[in-house]
Amino acid sequence: MLRFLHTVQRIYLDHNATTPLLPPIIDRMTAVLREEFGNPSSVHHFGQQAKATVDDARSDVAALIGADPSEVLFTSGGTEADNIAIRGVAEALETGGRKHLVASAIEHEAVLNTLKALARRGWRTTLLPVDQSGIVSPGALREALVDDTAVVSVMHANNEIGTIQPVVELARIAHERGALFHTDAVQSAGKIPINVKALGVDMLSLSAHKFYGPKGVGALWIRRGLRVLPLLTGGRQERSRRAGTENVPGIAGMGAAARIAARKLVAEGTRLAALRDRLEAGILQAVPGTAVNGATEVRVPNTTNISFDRVEAESLLIALDLEGIAVSTGSACSSGTLEPSHVLKAMGFNAHRTQNSIRFSLGAGNTEAEMDRVIAVLPGIVEKLRSLTRTAAKA
Ligand SMILES: Cc1ncc(COP(=O)(O)O)c(C=O)c1O
């Protein structure tokens, strides 16, 4: 995505934070905004037209994850989907005496802070450790489970380092102890093939803006028959599991994004993996004192997270931005603060490495020429930052 803005060629490498809306998705949403303004709960033509739009989108989202449309619940995004999955089930199971929750230590804040909130209300929680591969070990889950574990939540792919978790095995282990299993697939949906039945999970979260759909809309897949208490009470929308008039244009956009993602998934994944590998190898070769964080074999195809020895990640991010290159120091929610990455910390990296790492997340429109430009400008920037640190240390 080369753009000329004040003569700077901008390169967007922060697709795990959010993706641009693709033109056909904008077209679909615009058509709905203009022409399908009805309330899906209304009985007349306008209502039924909007209802059909929501139903079509539900089928498209279900198809992306190998699910039945009736099991897909639209939400305001990945955060709400994670909240419903954990709170909604925890509260439904509370009366049965299940008061223990498990998640990995590298979950998104949407999961971690939900566990913290429930801990304040009396639930016991356990966070699963990871090693420097950034992958949760099945043994750690086995040790953490107890008889009253209600829900285990382990993400499908990590947002900062891209590692894919062994969800099939983890879900099986959780089920053996009678616990339910939720996976946050916000960073894997649209990037790698997903089939909820093959994964063997009970609930799976999605967010449209991570696969070229609009922000503020997501979905939770809930296995048929599972009891989930609603967080929002009110009307009977979404089979009484989420009250409130549906975000019809957003949902239509998510459906269109899911349809396009499903069609392009394999070819785009192959293209992005080749670009990512080119970028990664180029950086490791051109810049001394660099290393990839986390396992490199089992990752989503668009992500690499690289540490730059003796460089403050925030300074590097700003220097790259001045060159027109947009990257991230970790999850977008914690950027703007100098907080070290909780993911790298959980992986056992020292304080320095948790603060000198940059995430490059690729997407549609990125080209080889862009990767080569990043590889070309990085050595000079890093050397300059390192020499500034050396000068400061001498002074
Ligand atoms: C793994 C993961 N889960 C959940 C979320 C939250 O999704 P949303 O922005 O749609 O609330 C994000 C967004 O960064 C994410 O990366």
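# Notebook: two sheets and the helices around them

**Entry 1, Ser104.** I started at Ser104, which touches Leu112, Leu127, Leu128, Val136, Ser153 and Val154, leaving out residues up to four places away in sequence. A reminder to myself: this is a predicted model. Ser104 sits in strand E4. Is Ser104 buried or exposed? Its relative accessibility is 0%, so Ser104 counts as buried, the cut-off being under 20%.

**Entry 2, helix H4.** Leu112 from my contact list took me to H4, where it is one of the buried residues. The others I noted there are Ala110, Val111, Thr114, Leu115, Ala117 and Leu118. H4 covers residues 109-120, twelve in number. From first C-alpha to last I get 16 Å, close to the 16 Å expected at 1.5 Å a residue.

What covers the buried residues of H4? I found that the cover includes two helices, H3 (78-94) and H11 (342-346). It also includes strands E4 (100-104), E5 (124-128), E6 (149-153) and E7 (180-184). Just after H4, I noticed Gly122 with a positive phi of about 105°.

**Entry 3, the seven-stranded sheet.** Next I traced the sheet that holds E4. In what order do its strands run? I read E3-E9-E8-E7-E6-E4-E5, an open sheet of seven strands with mixed pairing. E3 (72-75) and E5 are the edge strands; each has a single partner strand, so one side of each has no neighbour in the sheet. Going from one strand to the next, the twist averages 20°. For my own reference, strands of a sheet pair through backbone hydrogen bonds, either parallel or antiparallel.

I checked two of the pairings. At the E3 edge, E3 and E9 (residues 218-222) are antiparallel, with four bridges. Val72 is opposite Trp221 of E9 there. E6 and E7, by contrast, run parallel and are joined by three bridges. In that pair Ser153, which I had already met as a contact of Ser104, stands opposite His182 in E7.

**Entry 4, strand E7.** I stayed with E7 to look at its side chains. How many of its five residues are buried? Five of the five are, so E7 is largely enclosed by the rest of the structure. Leu180, His182 and Asp184 point one way, while Phe181 and Thr183 point the other way, and all are buried. That is the pattern I had in mind: in a regular strand the side chains alternate between the two faces of the sheet.

**Entry 5, helix H2.** Back at the E3 side, I asked what lies across the strands. H2 lies across E3, E8 (203-207) and E9, and runs at about 110° to E3. H2 (residues 45-64) also packs with H9 (residues 248-286), at an angle of about 35° and with the axes 8 Å apart. The crossing of these two helices is left-handed.

I listed who meets whom. H2 brings Ala50, Thr53, Val54, Ala57, Asp60, Val61 and Leu64. H9 answers with Val248, Ile251, Ala252, Met254, Gly255, Ala258, Arg259, Ala261 and Ala262. Sorted by class, this contact has twelve nonpolar, two polar and two charged residues.

**Entry 6, the three-stranded sheet.** Following H9 brought me to another sheet. Which strands form it? They are E10, E11 and E13 in that order, in an open sheet with antiparallel pairing. E10 and E13 stand at the edges with a single partner strand each, so one side of each lacks a neighbour in the sheet. Neighbouring strands are turned by 30° against each other on average, direction ignored. H9 packs on this sheet, touching E10, E11 and E13, and its direction makes about 10° with that of E11.

**Entry 7, strand E11.** My last stop was E11 (residues 303-308). Six of its six residues are buried, so E11 is largely enclosed by the rest of the structure. Thr303, Asn305 and Ser307 point one way, and Thr304, Ile306 and Phe308 point the other way.

Then I went through its partners. E10 (residues 290-292) pairs with E11 over three bridges, and Ala291 has Ser307 as its bridge partner. E13 (residues 357-361) is joined to E11 by five bridges. Among the residue pairs there, I noted Thr304 with Phe360 and Thr303 with Ser361.

Technical notes: Residues are numbered from 1 along each chain as its sequence is written. This is a predicted model: local features need pLDDT of at least 70, side-chain atom pairs count only at pLDDT 80 or more; totals for chains, interfaces and linings use all residues. Side-chain values use heavy atoms; hydrogens and water are left out. Axes are lines fitted to C-alpha atoms, for helices over the stretch in contact, and angles run from 0 to 180 degrees between N-to-C directions. A crossing is left-handed if the near helix is turned anticlockwise from the far one by less than a right angle, and right-handed if clockwise. Contact means heavy atoms within 4.5 Å. Ala, Val, Leu, Ile, Met, Phe, Trp, Tyr, Cys and Pro count as nonpolar, Asp, Glu, Lys and Arg as charged, and the others, Gly among them, as polar. The expected span of a helix is 1.5 Å times one less than its number of residues. Buried means under 20% relative accessible area, exposed over 50%, partly exposed in between (1.4 Å probe, protein chains only). Two strands pair if DSSP finds at least two bridges between them.
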